[in-house]
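Open the model and keep the sequence beside it. The walk below goes from strands to rings to enclosed space.

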Amino acid sequence: MAASHSVDVAPWRWVLAGVLASFAGRFGRVEPRRTAAAFVTGLLADIEVKTCWQLAEQAGHARPDAMQRLLYRAVWDADAVRDDVRTVIVDRFGDPDAVLVVDETGDLKKGIHSVGVQRQYTGTAGRIENAQVGVFLGYASGHGHTLIDRRVYLPVSWTDDRDRCQGAGVPDEVEFATKSELAAEMITAAADAGVPAGWATADEAYGNNSVFRAHLREHQLGYVLAVSRSHQVPLDGGKVKIRADRIAAELPASAWQRRSAGAGSKGPRLYDWAWLDDVTTDADPDDDGHHSLLIRRNTTTGELAFYRCWTPQPATLAQLIRVAGIRWTVEEAFQAAKGQVGLDQHQVRRWDSWHRFTTLALAALAVLAICAADAADEPPQSGLIKLTVNEVRRLINTCTIRPIHELAHRLRWSQWRRRHQARARQAHYKRRLNAELQP
(Lines give C-alpha, C1' and ligand atoms only; values in the text may rest on other atoms or scores of the structure.)
Protein backbone atom coordinates (compact mmCIF):
# COMPACT_ATOMS: atom_id res chain seq x y z
CA MET A 1 0.00 0.00 0.00
CA ALA A 2 1.11 3.58 -0.56
CA ALA A 3 1.79 4.36 3.09
CA SER A 4 4.25 1.47 3.42
CA HIS A 5 6.48 2.95 0.72
CA SER A 6 7.26 6.03 2.83
CA VAL A 7 6.65 4.87 6.41
CA ASP A 8 8.18 1.84 8.09
CA VAL A 9 5.54 0.64 10.54
CA ALA A 10 7.35 -2.55 11.51
CA PRO A 11 9.07 -0.93 14.55
CA TRP A 12 5.66 0.23 15.79
CA ARG A 13 4.68 -3.40 16.35
CA TRP A 14 7.67 -3.66 18.67
CA VAL A 15 6.61 -0.50 20.49
CA LEU A 16 3.14 -1.93 21.10
CA ALA A 17 4.61 -5.26 22.15
CA GLY A 18 7.09 -3.52 24.46
CA VAL A 19 4.40 -1.49 26.24
CA LEU A 20 2.25 -4.59 26.70
CA ALA A 21 5.19 -6.65 27.92
CA SER A 22 6.15 -3.99 30.47
CA PHE A 23 3.12 -4.77 32.64
CA ALA A 24 2.32 -8.36 31.63
CA GLY A 25 3.83 -9.64 34.86
CA ARG A 26 1.24 -7.72 36.91
CA PHE A 27 -1.37 -10.34 36.02
CA GLY A 28 -1.11 -13.63 37.86
CA ARG A 29 -3.31 -15.50 35.36
CA VAL A 30 -2.97 -15.74 31.62
CA GLU A 31 -6.63 -14.86 30.90
CA PRO A 32 -6.59 -11.29 32.31
CA ARG A 33 -3.11 -10.79 30.86
CA ARG A 34 -4.38 -11.56 27.36
CA THR A 35 -7.52 -9.53 27.94
CA ALA A 36 -5.46 -6.49 29.03
CA ALA A 37 -3.36 -6.77 25.86
CA ALA A 38 -6.53 -7.01 23.75
CA PHE A 39 -8.02 -4.08 25.67
CA VAL A 40 -5.08 -1.76 24.91
CA THR A 41 -4.97 -2.92 21.29
CA GLY A 42 -8.69 -2.27 21.03
CA LEU A 43 -8.25 1.27 22.34
CA LEU A 44 -5.90 1.86 19.43
CA ALA A 45 -8.36 0.35 16.97
CA ASP A 46 -10.60 2.25 14.60
CA ILE A 47 -13.90 1.60 16.37
CA GLU A 48 -16.65 4.11 16.95
CA VAL A 49 -16.98 3.93 20.75
CA LYS A 50 -14.45 2.25 23.03
CA THR A 51 -16.58 0.56 25.66
CA CYS A 52 -16.26 -3.04 26.83
CA TRP A 53 -18.84 -4.18 24.27
CA GLN A 54 -17.01 -2.72 21.29
CA LEU A 55 -13.58 -3.72 22.58
CA ALA A 56 -14.74 -7.31 23.05
CA GLU A 57 -16.19 -7.45 19.54
CA GLN A 58 -12.95 -6.02 18.14
CA ALA A 59 -10.94 -8.64 20.02
CA GLY A 60 -13.01 -11.52 18.67
CA HIS A 61 -14.70 -12.36 21.96
CA ALA A 62 -18.21 -13.80 21.91
CA ARG A 63 -19.34 -11.67 24.88
CA PRO A 64 -18.06 -8.62 26.81
CA ASP A 65 -17.63 -10.58 30.05
CA ALA A 66 -13.82 -10.81 29.93
CA MET A 67 -13.40 -7.08 29.27
CA GLN A 68 -15.86 -6.18 32.02
CA ARG A 69 -14.21 -8.61 34.44
CA LEU A 70 -10.84 -6.96 33.72
CA LEU A 71 -12.19 -3.61 34.88
CA TYR A 72 -14.40 -4.79 37.75
CA ARG A 73 -13.33 -8.07 39.36
CA ALA A 74 -9.98 -9.31 38.06
CA VAL A 75 -7.07 -9.16 40.50
CA TRP A 76 -4.46 -6.63 39.41
CA ASP A 77 -2.97 -3.36 40.62
CA ALA A 78 -3.68 -0.41 38.32
CA ASP A 79 -1.09 1.76 40.09
CA ALA A 80 1.61 -0.85 39.51
CA VAL A 81 0.70 -1.00 35.81
CA ARG A 82 0.83 2.81 35.72
CA ASP A 83 4.34 2.65 37.17
CA ASP A 84 5.42 0.17 34.48
CA VAL A 85 4.02 2.34 31.68
CA ARG A 86 5.68 5.40 33.20
CA THR A 87 9.01 3.57 33.16
CA VAL A 88 8.63 2.84 29.45
CA ILE A 89 7.82 6.51 28.79
CA VAL A 90 10.80 7.74 30.82
CA ASP A 91 13.11 5.28 29.07
CA ARG A 92 12.15 6.89 25.75
CA PHE A 93 11.51 10.54 26.69
CA GLY A 94 13.54 10.93 29.89
CA ASP A 95 15.59 14.11 30.26
CA PRO A 96 16.84 15.95 33.37
CA ASP A 97 15.49 19.17 31.86
CA ALA A 98 12.01 17.71 31.27
CA VAL A 99 8.83 19.39 32.48
CA LEU A 100 6.06 17.90 34.62
CA VAL A 101 2.77 19.38 33.42
CA VAL A 102 -0.32 19.36 35.65
CA ASP A 103 -3.85 19.83 34.36
CA GLU A 104 -7.36 18.49 34.75
CA THR A 105 -10.07 17.42 32.37
CA GLY A 106 -13.74 16.60 32.82
CA ASP A 107 -16.12 14.03 31.37
CA LEU A 108 -19.77 15.08 31.14
CA LYS A 109 -22.17 12.61 32.80
CA LYS A 110 -25.95 12.16 32.88
CA GLY A 111 -26.34 10.18 36.10
CA ILE A 112 -25.22 10.60 39.70
CA HIS A 113 -23.57 7.25 40.42
CA SER A 114 -20.22 7.50 38.58
CA VAL A 115 -17.42 8.01 41.08
CA GLY A 116 -16.77 11.71 41.75
CA VAL A 117 -19.60 13.02 39.59
CA GLN A 118 -21.45 16.19 40.61
CA ARG A 119 -22.35 19.56 39.14
CA GLN A 120 -19.01 21.33 38.96
CA TYR A 121 -17.00 23.52 36.64
CA THR A 122 -15.15 21.73 33.90
CA GLY A 123 -13.06 23.25 31.18
CA THR A 124 -14.36 20.57 28.82
CA ALA A 125 -17.70 22.38 28.71
CA GLY A 126 -16.45 25.79 29.82
CA ARG A 127 -19.21 25.99 32.44
CA ILE A 128 -20.74 24.17 35.42
CA GLU A 129 -22.10 20.80 34.33
CA ASN A 130 -22.76 17.37 35.77
CA ALA A 131 -19.27 16.01 35.34
CA GLN A 132 -16.51 13.76 36.58
CA VAL A 133 -13.08 15.42 36.84
CA GLY A 134 -9.67 13.80 36.66
CA VAL A 135 -6.33 15.44 37.48
CA PHE A 136 -3.46 14.31 35.26
CA LEU A 137 0.31 14.62 35.16
CA GLY A 138 2.05 15.01 31.83
CA TYR A 139 5.72 14.53 31.00
CA ALA A 140 7.31 16.67 28.29
CA SER A 141 10.87 16.79 27.05
CA GLY A 142 12.66 17.49 23.82
CA HIS A 143 12.14 13.82 22.91
CA GLY A 144 8.35 13.75 23.21
CA HIS A 145 5.44 14.11 25.58
CA THR A 146 2.47 12.18 26.97
CA LEU A 147 0.49 11.60 30.18
CA ILE A 148 2.09 9.54 32.98
CA ASP A 149 -0.33 9.66 35.94
CA ARG A 150 -3.96 10.26 36.90
CA ARG A 151 -6.21 10.86 39.90
CA VAL A 152 -10.00 11.07 40.04
CA TYR A 153 -11.21 14.09 41.98
CA LEU A 154 -13.72 13.39 44.76
CA PRO A 155 -15.69 16.50 45.79
CA VAL A 156 -16.68 17.06 49.43
CA SER A 157 -20.22 15.93 48.55
CA TRP A 158 -18.69 12.49 48.01
CA THR A 159 -16.15 12.25 50.82
CA ASP A 160 -18.74 13.42 53.36
CA ASP A 161 -21.09 10.63 52.26
CA ARG A 162 -19.30 7.38 53.12
CA ASP A 163 -22.29 5.25 52.03
CA ARG A 164 -22.08 6.79 48.58
CA CYS A 165 -18.33 6.22 48.52
CA GLN A 166 -18.80 2.61 49.58
CA GLY A 167 -21.33 2.10 46.81
CA ALA A 168 -18.74 3.28 44.25
CA GLY A 169 -15.95 1.19 45.76
CA VAL A 170 -13.96 4.12 47.13
CA PRO A 171 -11.47 2.81 49.73
CA ASP A 172 -12.27 3.80 53.30
CA GLU A 173 -8.90 5.51 53.72
CA VAL A 174 -9.53 7.95 50.85
CA GLU A 175 -10.41 11.38 52.20
CA PHE A 176 -11.08 14.71 50.54
CA ALA A 177 -8.13 16.16 48.66
CA THR A 178 -8.05 19.33 46.60
CA LYS A 179 -6.95 19.16 43.00
CA SER A 180 -3.68 20.83 43.99
CA GLU A 181 -3.13 18.14 46.62
CA LEU A 182 -3.79 15.43 44.04
CA ALA A 183 -1.28 17.09 41.73
CA ALA A 184 1.26 17.22 44.56
CA GLU A 185 0.72 13.49 45.19
CA MET A 186 1.50 12.67 41.57
CA ILE A 187 4.61 14.86 41.54
CA THR A 188 5.84 13.21 44.73
CA ALA A 189 5.20 9.77 43.22
CA ALA A 190 7.17 10.73 40.11
CA ALA A 191 10.05 12.12 42.19
CA ASP A 192 10.12 9.03 44.41
CA ALA A 193 10.27 6.85 41.29
CA GLY A 194 13.29 8.76 40.01
CA VAL A 195 11.51 10.34 37.04
CA PRO A 196 14.04 12.87 35.66
CA ALA A 197 12.62 16.39 35.53
CA GLY A 198 13.85 19.88 36.26
CA TRP A 199 10.63 21.85 35.94
CA ALA A 200 6.89 21.93 36.56
CA THR A 201 4.13 24.02 35.05
CA ALA A 202 0.37 24.33 35.49
CA ASP A 203 -2.49 26.77 35.03
CA GLU A 204 -3.62 29.38 37.55
CA ALA A 205 -5.84 26.96 39.48
CA TYR A 206 -2.59 25.46 40.76
CA GLY A 207 -0.27 28.46 40.46
CA ASN A 208 -2.39 30.56 42.83
CA ASN A 209 -1.91 27.93 45.54
CA SER A 210 1.06 28.86 47.76
CA VAL A 211 1.13 25.39 49.35
CA PHE A 212 1.47 23.78 45.92
CA ARG A 213 4.28 26.15 45.00
CA ALA A 214 6.07 25.32 48.26
CA HIS A 215 5.67 21.60 47.50
CA LEU A 216 7.48 22.03 44.20
CA ARG A 217 10.30 23.90 45.90
CA GLU A 218 10.69 21.09 48.40
CA HIS A 219 11.41 18.81 45.45
CA GLN A 220 13.81 21.40 44.00
CA LEU A 221 11.67 21.64 40.89
CA GLY A 222 11.87 24.91 39.07
CA TYR A 223 8.42 26.13 38.10
CA VAL A 224 6.59 28.48 35.78
CA LEU A 225 3.02 28.53 37.12
CA ALA A 226 0.22 30.64 35.72
CA VAL A 227 -1.46 32.94 38.25
CA SER A 228 -4.53 35.15 38.04
CA ARG A 229 -4.36 38.83 37.11
CA SER A 230 -5.46 39.65 40.68
CA HIS A 231 -2.61 37.62 42.19
CA GLN A 232 -0.72 39.60 44.82
CA VAL A 233 2.97 39.68 43.95
CA PRO A 234 5.43 40.40 46.81
CA LEU A 235 8.02 43.08 45.97
CA ASP A 236 10.68 45.07 47.82
CA GLY A 237 11.67 42.22 50.10
CA GLY A 238 8.04 41.33 50.74
CA LYS A 239 7.24 44.75 52.22
CA VAL A 240 4.55 45.41 49.62
CA LYS A 241 2.24 43.29 47.50
CA ILE A 242 0.88 44.51 44.18
CA ARG A 243 -1.64 42.96 41.81
CA ALA A 244 -0.03 41.32 38.78
CA ASP A 245 -2.11 43.31 36.29
CA ARG A 246 -1.14 46.58 37.99
CA ILE A 247 2.52 45.69 37.65
CA ALA A 248 2.02 45.01 33.93
CA ALA A 249 0.20 48.31 33.41
CA GLU A 250 3.11 50.29 34.86
CA LEU A 251 5.85 48.64 32.80
CA PRO A 252 7.60 50.82 30.20
CA ALA A 253 7.64 49.77 26.56
CA SER A 254 11.32 48.91 26.88
CA ALA A 255 10.48 46.14 29.36
CA TRP A 256 8.87 43.95 26.68
CA GLN A 257 10.70 41.53 24.41
CA ARG A 258 9.21 39.57 21.52
CA ARG A 259 10.09 35.88 21.82
CA SER A 260 8.71 32.57 20.59
CA ALA A 261 7.07 30.21 23.08
CA GLY A 262 7.80 27.30 20.74
CA ALA A 263 6.75 26.04 17.36
CA GLY A 264 3.05 25.79 16.60
CA SER A 265 1.12 24.30 13.70
CA LYS A 266 1.27 27.67 11.93
CA GLY A 267 4.84 28.60 12.84
CA PRO A 268 6.54 30.16 15.88
CA ARG A 269 4.13 31.17 18.67
CA LEU A 270 5.31 34.74 19.14
CA TYR A 271 4.40 36.79 22.22
CA ASP A 272 5.71 39.85 24.00
CA TRP A 273 7.33 39.01 27.35
CA ALA A 274 8.31 41.02 30.41
CA TRP A 275 10.32 39.57 33.28
CA LEU A 276 10.63 40.94 36.84
CA ASP A 277 13.39 39.15 38.69
CA ASP A 278 13.10 41.07 41.98
CA VAL A 279 10.05 39.18 43.28
CA THR A 280 10.47 37.80 46.78
CA THR A 281 8.94 34.93 48.72
CA ASP A 282 5.43 35.38 50.10
CA ALA A 283 5.98 34.54 53.78
CA ASP A 284 7.54 31.20 52.82
CA PRO A 285 10.70 29.93 54.50
CA ASP A 286 13.96 30.90 52.87
CA ASP A 287 14.50 28.40 50.06
CA ASP A 288 17.75 29.83 48.63
CA GLY A 289 16.13 29.97 45.21
CA HIS A 290 15.24 32.69 42.76
CA HIS A 291 11.68 34.08 42.53
CA SER A 292 10.42 36.11 39.58
CA LEU A 293 7.29 37.18 37.72
CA LEU A 294 6.89 36.48 34.01
CA ILE A 295 4.25 38.33 31.96
CA ARG A 296 3.10 37.31 28.49
CA ARG A 297 1.23 39.64 26.12
CA ASN A 298 -0.62 38.52 23.01
CA THR A 299 0.77 40.45 20.05
CA THR A 300 -2.67 40.75 18.42
CA THR A 301 -5.21 41.14 21.22
CA GLY A 302 -2.98 42.47 23.99
CA GLU A 303 -4.35 39.80 26.36
CA LEU A 304 -2.05 39.24 29.32
CA ALA A 305 -1.01 36.07 31.16
CA PHE A 306 1.00 36.01 34.39
CA TYR A 307 3.41 33.40 35.80
CA ARG A 308 5.02 32.98 39.19
CA CYS A 309 8.47 31.50 38.63
CA TRP A 310 11.06 29.90 40.89
CA THR A 311 14.34 28.19 40.13
CA PRO A 312 16.86 26.59 42.49
CA GLN A 313 19.64 28.09 40.35
CA PRO A 314 19.75 31.26 38.27
CA ALA A 315 17.78 30.83 35.03
CA THR A 316 17.48 32.77 31.80
CA LEU A 317 14.39 34.32 30.28
CA ALA A 318 14.62 31.83 27.41
CA GLN A 319 14.39 28.93 29.87
CA LEU A 320 11.30 30.31 31.57
CA ILE A 321 9.57 31.02 28.25
CA ARG A 322 10.30 27.47 27.10
CA VAL A 323 8.64 26.01 30.19
CA ALA A 324 5.65 28.36 29.91
CA GLY A 325 5.21 27.31 26.28
CA ILE A 326 5.38 23.60 27.08
CA ARG A 327 2.14 23.68 29.03
CA TRP A 328 0.21 23.32 25.77
CA THR A 329 1.51 19.74 25.48
CA VAL A 330 -0.96 18.51 28.11
CA GLU A 331 -3.85 19.97 26.10
CA GLU A 332 -2.57 18.14 23.05
CA ALA A 333 -2.28 14.96 25.12
CA PHE A 334 -5.89 15.30 26.31
CA GLN A 335 -7.08 15.74 22.73
CA ALA A 336 -5.18 12.64 21.63
CA ALA A 337 -6.26 10.62 24.66
CA LYS A 338 -9.94 11.40 24.13
CA GLY A 339 -9.98 11.49 20.35
CA GLN A 340 -7.69 8.55 19.66
CA VAL A 341 -7.81 6.09 22.58
CA GLY A 342 -11.20 6.85 24.17
CA LEU A 343 -10.10 8.27 27.52
CA ASP A 344 -13.56 9.77 28.05
CA GLN A 345 -15.56 6.76 26.78
CA HIS A 346 -15.13 4.43 29.74
CA GLN A 347 -18.78 4.22 30.98
CA VAL A 348 -17.64 2.87 34.35
CA ARG A 349 -18.91 3.93 37.76
CA ARG A 350 -16.57 2.49 40.36
CA TRP A 351 -13.25 3.72 41.80
CA ASP A 352 -11.15 0.76 40.68
CA SER A 353 -12.78 0.64 37.26
CA TRP A 354 -12.03 4.32 36.57
CA HIS A 355 -8.38 3.91 37.51
CA ARG A 356 -8.06 0.68 35.53
CA PHE A 357 -9.63 1.99 32.33
CA THR A 358 -7.69 5.25 32.56
CA THR A 359 -4.40 3.42 33.15
CA LEU A 360 -4.90 1.22 30.09
CA ALA A 361 -5.83 4.31 28.07
CA LEU A 362 -2.54 5.94 29.15
CA ALA A 363 -0.74 2.78 27.99
CA ALA A 364 -2.38 3.06 24.55
CA LEU A 365 -1.53 6.76 24.43
CA ALA A 366 2.09 5.95 25.28
CA VAL A 367 2.25 3.65 22.25
CA LEU A 368 1.10 6.48 19.98
CA ALA A 369 3.40 9.06 21.57
CA ILE A 370 6.48 6.85 21.28
CA CYS A 371 5.69 5.85 17.69
CA ALA A 372 5.16 9.50 16.73
CA ALA A 373 8.45 10.48 18.40
CA ASP A 374 10.31 7.68 16.61
CA ALA A 375 8.84 8.81 13.29
CA ALA A 376 9.83 12.42 14.04
CA ASP A 377 13.45 11.31 14.38
CA GLU A 378 13.44 10.14 10.77
CA PRO A 379 14.71 12.52 8.05
CA PRO A 380 11.89 14.83 6.89
CA GLN A 381 10.19 14.04 3.59
CA SER A 382 9.74 16.81 1.09
CA GLY A 383 6.26 18.30 1.06
CA LEU A 384 5.06 16.35 4.11
CA ILE A 385 4.61 17.34 7.73
CA LYS A 386 5.86 15.00 10.43
CA LEU A 387 3.59 12.16 11.40
CA THR A 388 1.12 13.21 14.06
CA VAL A 389 -0.30 10.99 16.80
CA ASN A 390 -3.60 10.92 14.89
CA GLU A 391 -1.92 9.79 11.67
CA VAL A 392 0.15 7.20 13.53
CA ARG A 393 -3.02 5.61 14.88
CA ARG A 394 -4.55 5.51 11.38
CA LEU A 395 -1.46 3.77 10.00
CA ILE A 396 -1.31 1.34 12.93
CA ASN A 397 -4.89 0.37 12.17
CA THR A 398 -4.16 -0.01 8.48
CA CYS A 399 -0.92 -1.94 8.78
CA THR A 400 -0.84 -3.59 12.21
CA ILE A 401 -4.24 -4.17 13.81
CA ARG A 402 -6.31 -6.74 11.95
CA PRO A 403 -10.05 -6.27 12.55
CA ILE A 404 -12.34 -9.27 12.34
CA HIS A 405 -14.49 -9.07 9.22
CA GLU A 406 -16.12 -12.49 9.56
CA LEU A 407 -19.82 -12.00 8.88
CA ALA A 408 -20.99 -14.60 11.41
CA HIS A 409 -19.02 -12.88 14.21
CA ARG A 410 -20.52 -9.50 13.40
CA LEU A 411 -24.05 -10.91 13.18
CA ARG A 412 -23.68 -12.70 16.53
CA TRP A 413 -22.67 -9.42 18.13
CA SER A 414 -25.57 -7.59 16.48
CA GLN A 415 -27.97 -10.14 17.96
CA TRP A 416 -26.30 -9.97 21.38
CA ARG A 417 -26.55 -6.15 21.51
CA ARG A 418 -30.20 -6.15 20.46
CA ARG A 419 -31.09 -8.88 22.96
CA HIS A 420 -29.30 -7.05 25.78
CA GLN A 421 -30.95 -3.76 24.86
CA ALA A 422 -34.38 -5.43 24.73
CA ARG A 423 -33.88 -6.81 28.24
CA ALA A 424 -32.70 -3.44 29.49
CA ARG A 425 -35.73 -1.73 27.96
CA GLN A 426 -38.08 -4.28 29.52
CA ALA A 427 -36.49 -3.82 32.95
CA HIS A 428 -36.75 -0.04 32.60
CA TYR A 429 -40.43 -0.23 31.70
CA LYS A 430 -41.07 -2.57 34.63
CA ARG A 431 -39.39 -0.22 37.13
CA ARG A 432 -41.29 2.72 35.72
CA LEU A 433 -44.63 0.88 35.91
CA ASN A 434 -44.01 -0.23 39.49
CA ALA A 435 -43.16 3.33 40.48
CA GLU A 436 -46.39 4.64 38.92
CA LEU A 437 -48.52 1.99 40.66
CA GLN A 438 -47.15 2.69 44.10
CA PRO A 439 -49.67 4.62 46.31
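What follows is a short tour of strand pairing, aromatic contacts and cavities.

This is a predicted model, in which local features need pLDDT of at least 70, side-chain atom pairs count only at pLDDT 80 or more, and totals for chains, interfaces and linings use all residues. Residues are numbered from 1 along each chain as its sequence is written, and side-chain values use heavy atoms, with hydrogens and water left out.

Start with the strands. Helices (H or I, at least four residues) and strands (E, at least two) are DSSP runs, numbered from the N terminus. Two strands pair if DSSP finds at least two bridges between them. Strand β10 (residues 267-276) runs antiparallel to strand β11 (residues 290-298), with six bridges between them. Here A274 faces I295 of β11. On β11, the next partner to look at is strand β12 (residues 304-311). β11 and β12 are antiparallel over eight bridges. One position to find is S292, opposite C309 of β12. Another is R296, whose bridge partner in β12 is A305. The two strands make a hairpin with five residues between them. In its turn, G302 has a positive phi of about 80°.

β12 has another partner. Strand β6 (residues 222-227) pairs with β12, again in the antiparallel sense, over five bridges. L225 has R308 of β12 as its bridge partner. How many of the eight residues of β12 are buried? Seven are, so β12 is largely enclosed by the rest of the structure. Buried means under 20% relative accessible area, exposed over 50%, and partly exposed in between (1.4 Å probe, protein chains only).

Now turn to the rings. Rings of Phe, Tyr and Trp (its six-membered ring) pair if their centres lie within 6.5 Å; planes under 30 degrees apart count as stacked, over 60 as edge-to-face and the rest as tilted. By this rule there are 11 aromatic pairs. Take F39 and F357: the ring centres are 5.7 Å apart and the planes stand at 85°, so the pair is edge-to-face. F39 belongs to helix α3 (residues 30-44) and F357 to helix α15 (residues 351-376), so the contact ties together parts 318 residues apart in sequence. F39 is buried, at 0% relative accessibility. F357 is buried too, with a relative accessible area of 1%.

A second pair brings us back to the strands. W273 and Y307 have ring centres 6.4 Å apart and planes at 35°, so this pair is tilted. W273 sits in β10 and Y307 in β12, 34 residues apart. Both W273 and Y307 are buried. Elsewhere, ring pairs join F23, F27 and W76 into a cluster.

Charges meet rings as well. A charge sits over a ring if NZ of Lys or CZ of Arg is within 6 Å of the ring centre and within 35 degrees of the ring normal. The charged end of R296 lies over the ring of Y271, 4.5 Å from its centre. R297 does likewise over the ring of W256, with 4.2 Å to the centre.

Last come the cavities. On a 1 Å grid over the protein atoms alone, a cavity is a set of points where a 1.4 Å probe fits but cannot get out; lining residues have an atom within 4 Å of a point. Grid points are joined across faces, edges and corners, and a volume is the space filled by probe spheres set on the points. The structure has two cavities of 30 Å³ or more.

The largest cavity holds about 70 Å³. Its lining includes T105, D107, K338 and W354. β1 (99-108), β3 (127-141) and α15 each give at least two residues to this lining. β3 supplies the largest share, four residues. By class, the lining has four nonpolar, four polar and three charged residues. Ala, Val, Leu, Ile, Met, Phe, Trp, Tyr, Cys and Pro count as nonpolar, Asp, Glu, Lys and Arg as charged, and the others, Gly among them, as polar.

The second largest cavity holds about 30 Å³. Among the residues lining it are V101, Y139, H145 and T329. β3, β4 (144-152) and α14 (328-341) are the elements that give two or more residues to this lining. The lining of the second largest cavity has six nonpolar, four polar and no charged residues.

Key
On a 1 Å grid over the protein atoms alone, a cavity is a set of points where a 1.4 Å probe fits but cannot get out, and a pocket is an open set with protein on both sides within 12 Å along at least five of seven lines; lining residues have an atom within 4 Å of a point.
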